[in-house]
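Visitor: Could you walk me through this structure and tell me, for each word you use, what earns it that name?

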Amino acid sequence: MKSAVVLLPGLNRDRDMIAALTKISGKAPVTVWETDTEIPDVDLIVIPGGFSYGDYLRCGAIAARMPALRAVAEKAAKGVMVIGVCNGFQILVESGLLPGALMRNTSLKFVCREVKLQVANANTTFTRNYQPGQIIRCPVAHHDGNYFADAETLARIEGNGQVVFRYAEGTNPNGSINDIAGIVSDKGNVLGLMPHPENLIEAAHGGSDGRALFESALGIAA
Amino acid sequence: MTISNTRQITPELIASHGLKPDEYQRILGLVGREPTFTELGIFSAMWNEHCSYKSSKKWLRTLPTKGDVVIQGPGENAGVVDIGDGDCVVFKMESHNHPSYIEPYQGAATGVGGILRDVFTMGARPVAAMNALRFGAPDHPKTKHLVAGVVSGVGGYGNSFGVPTVGGEVNFDPRYNGNILVNAFAAGLAKTDGIFLSQAKGVGLPVVYLGAKTGRDGVGGATMASAEFDDKIDEKRPTVQVGDPFTEKCLLEACLELMASGAVIAIQDMGAAGLTCSAVEMGAKGDLGIELDLDKVPVREERMSAYEMMLSESQERMLMVLRPEKEAEAEAIFTKWGLDFAIVGKTTDDLRFRVLHQGEEVANLPIKELGDEAPEYDRPWVEPKKPAPIDASALPKVDVADALITLLGGPDLSSRRWVWEQYDTMIQGNSLQRPGGDAGVVRVEGHATKGLAFSSDVTPRYCEADPYEGGKQAVAECWRNLTATGALPLAATDNLNFGNPERPEIMGQFVKAIEGIGEACRALDFPIVSGNVSLYNETNGQGILPTPTIGGVGLLADWSKMARIGFAAENEIIVLVGAPPSWGTHLGQSIFLRNVHGRAEGGAPPVDLAHEKRVGDHVRSLIASGIVTACHDLSDGGLAVALAEMAMASGIGATIPGLIEADPAAVFFGEDQGRYLLTLSIDPQGAEWEQLSAQQKKLGIFAPWIGTTGGRELKLGEARAISIEELTTAHESWFPNFMGT
């Protein structure tokens, strides 16, 4: 399987993501620059974390309007898998590819720590290598990860099984409604999550709980 | 507001530029006429304490700066140290004290931005940051506001830029009530054949301005940072710069791309005194003149005068000398990253610093003399008085368990989690040890086994009691913290924060602290490769505690053998390596004496440097041998606090029978130097233990087996057993309670 990583000025976990994808798939992903209007033929597109354009407006708002994101939307519409992590999740929400919004953490502070995630839906292309209900470790590092959706949207995504990761065991770091940490689109091919699975994939990270997410997406057997 | 370029030079104007009458006479001698207003500004920027080191130079020269692994010592943007395989580590620590007190968020943010820029200006990609922060008394009305602002400023900049903060210090003392300290450290990785310097080469080459536009922020900042504070300090707020981490991140990527293209001859970031300092430095180092045309400088405000442009401290700017044939390629890289690129001048062969503005020559000065002929002072100093030793036997007896809870739950030793969880400690995916241990450790990207360890240390109350021993101790503790991970300490950076050097007793602290630092660096083979001096940390005549912060870097050959502080398993033996016969003796200036008895008295604990080296080298060899399962150095709070920290880090307890007939306060809370706690995976009845004991005896290192890990409690001598939960609650509660969140 081939993957691509979207590069935008101000993103800063792009190198982490490229390293993780390379280590897991054995192949370096291709990169897509902010002004690129076309994305090569790949199976998976990843928008990494950071502070695109400084996040000086609403997080992800400027990025969502760049040519590269229009190209991502076109690919997503054709069923290509898309993962947005942290700022990438915010960008997908701002692009309208995922429902809801990401507000400031309730603490009003940036938070970087390890949390526990429950795999709320192991029946997606991104989570099939996890067990249903499995609790995994995962780092978070964000200032605006407080997921919110109106009651109707929330009922719909919960009903459809679109919530795929929840903060578990009282570790919700940001006040997200229903402890939501990650969701997929209604078609199931776009995933957004605030935590950073790319920072927990090998011994040097102190664990590899994040690895199965990428292995699921890249079709690598567990 | 516009500052006119044709102001009359009056004695008041000279004084308001921080220039003394005799310094002005020196200027007249060098220029041969009355300087223009812009020239006066240039001199004040170059000759203030912050940029010229005029009070400290004489003493800084005594520090050891060379060594087998040192590629670049002090004098460039940062120091460079060889770590083998064609890689090197580039690092420096720098203060942003004065601005952070006036405007904590932006002051701290731009402090972080400045030090990161120093590192990537040299061609290195930043891989780790630390911050040593000192605040006033917790109950001082400004402290909470300053802590909140500084911490979010450090995080706001570093997190957005994308560098992991892997260590640092946070301390409180009433002596910082009017002058907080923000010392920012950054380290980066580069190839040894890819280091860039500021020395300009070649005549008639383009001088290029890159990065953000120039505004009026920070005009006169360096001069402000070279003066004492008084009650009107809040009026100085406009001298604090505003940070833009997004632009800095783009600048990093653009600079590294540009450097890889082979276009860069010389590069200098615009830090203190902005365009002035960077241009003069590039020219003077290369024995070249520089001509600047200010009409070409990208500005973000209208009608800026030459004076303002030359003194602006707007952030995220760089000056370079480029190969002319690569100009178009260079411009394309900067345009791609949305940054300004402008040719603002050229190198010349006349050794003059000429500045043109709107067709007028507003400055024409001898470039070498601007830097080299800055005044240098041998300021009078007096030998600091040593406090009387304390009589520990006369202290009222206290319960060891209660005292430990008091210490762990107090402002000095409580967990700093509230602070470091606001910093991104994991970005880049290389953090092997995050804050909370002895040192931060990151793996060297692209190398299978190597890691780099970082620690920042100083104990200001020791420095106040005895600047010489305190200076030694700061270096020794840093070296010890690196060693405790298993790393070989390579080199250090110093950030010397003191009061007003015009007072002989302050100058005495400075002189003796440097003497101690130099001696320790020589004894421990730990040269100083970069640094910064921050003087005039005084408000209304009250100086800070002398605070020479030492930031050290160590190399781990194989991070899979790295030691951590948490107890690793039950039923392992705990050994106190480097202890005196009664384990601990020195209570003078201890945290125990201060927080339990309310007394800041006695002498600082002395550091026996030969013993320090011997013990540290031994500990490091044990870690490399693979028998060490946990390691922690002993510092503030002594043995009891170190044991508690090891237990809290893992959830495994320990029992320490204690010493019969020894004073439990001194045993458990003494702050004797040069000690480490180790747990070992060997049988204390076996041959391996016997061999080890024999080896230690031969080395002259006392290393008693003091107890055993196990259970969920910490049992110290005769004191009541304390559950790890009780320890952790005390340790973790103070900071959130204090900040009210």
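What follows is a conversation that takes each term together with the value behind it.

Visitor: What should I keep in mind about the model and its numbering?
Guide: This is a predicted model, in which local features need pLDDT of at least 70 and side-chain atom pairs count only at pLDDT 80 or more, while totals for chains, interfaces and linings use all residues. Residues are numbered from 1 along each chain as its sequence is written, and chains are lettered from A and ligands numbered from 1 in the order in which they are written.

Visitor: What makes chain A as compact as a globular protein of its length?
Guide: The test is the radius of gyration, taken over C-alpha atoms, set against a globule rule of 2.2 Å times the number of residues to the power 0.38. For the 222 residues of chain A the rule gives 17 Å and the model has 16 Å, which is close, so chain A is as compact as a globular protein of that length. Its C-alpha trace spans about 40 × 40 × 30 Å along the principal axes.

Visitor: Which radius of gyration does chain B have, and what would a compact globule have?
Guide: A compact globule of 741 residues would have a value near 27 Å, and chain B agrees with that at 26 Å. The C-alpha atoms of chain B fill a box of roughly 85 × 50 × 45 Å along the principal axes.

Visitor: How many helices and strands does each chain have?
Guide: Helices (H or I, at least four residues) and strands (E, at least two) are DSSP runs, numbered from the N terminus. By that count chain A has five helices and 11 strands, and chain B has 25 helices and 28 strands.

Visitor: How many residues of chain A are in contact with chain B?
Guide: Two residues are in contact if their C-beta atoms, placed from the backbone, lie within 7 Å, and by this measure 24 residues of chain A touch 24 residues of chain B. On the chain A side, the elements that give two or more residues are helix 1 (14-25), strand 6 (111-119) and strand 7 (135-142).

Visitor: Why is helix 7 of chain B called mostly covered?
Guide: A residue is buried if 20 or more other C-beta atoms lie within 10 Å of its own, exposed if 12 or fewer, and partly exposed in between, with C-beta atoms placed from the backbone. In helix 7 of chain B, 18 of the 18 residues are buried, and the helix therefore counts as mostly covered. Across the whole of chain B, 62% of the 741 residues count as buried, and in chain A the share is 58% of 222.

Visitor: How do you know whether the length of helix 7 of chain B agrees with what a helix should span?
Guide: The expected span is 1.5 Å times one less than the number of residues. For the 18 residues of helix 7 (residues 104-121) of chain B this comes to 26 Å, and the end C-alpha atoms are 25 Å apart, which agrees. Helix 19 (residues 504-523) of chain B, with 20 residues, reaches 28 Å, close to the 28 Å expected.

Visitor: What makes strand 2 and strand 3 of chain B a pair?
Guide: Two strands pair if DSSP finds at least two bridges between them. Strand 2 (residues 79-84) and strand 3 of chain B run antiparallel and are joined by five bridges, and they therefore meet that condition. B:Val81 stands opposite B:Val89 in strand 3 of chain B. Strand 3 of chain B also pairs with strand 6 (residues 181-191) of chain B, in the antiparallel sense over nine bridges, and there B:Phe91 has B:Ala187 as its bridge partner.

Visitor: Why do strand 8 and strand 13 of chain B stand at the edges of their sheet?
Guide: The sheet is open, with seven strands in the order 8-10-7-11-9-12-13 (chain B) and mixed pairing. Strand 8 (264-269) and strand 13 (360-366) of chain B each have a single partner strand, so one side of each is left without a neighbour in the sheet.

Visitor: What makes B:Glu661 count as exposed, and where does B:Asp287 fall?
Guide: B:Glu661 has 5 C-beta neighbours inside 10 Å and therefore counts as exposed. B:Asp287 has 13 other C-beta atoms within 10 Å, so this residue is partly exposed. B:Asp287 lies in the loop between helix 11 (274-285) and strand 9 (289-293) of chain B, and its phi is positive, about 55°, although it is not a glycine.
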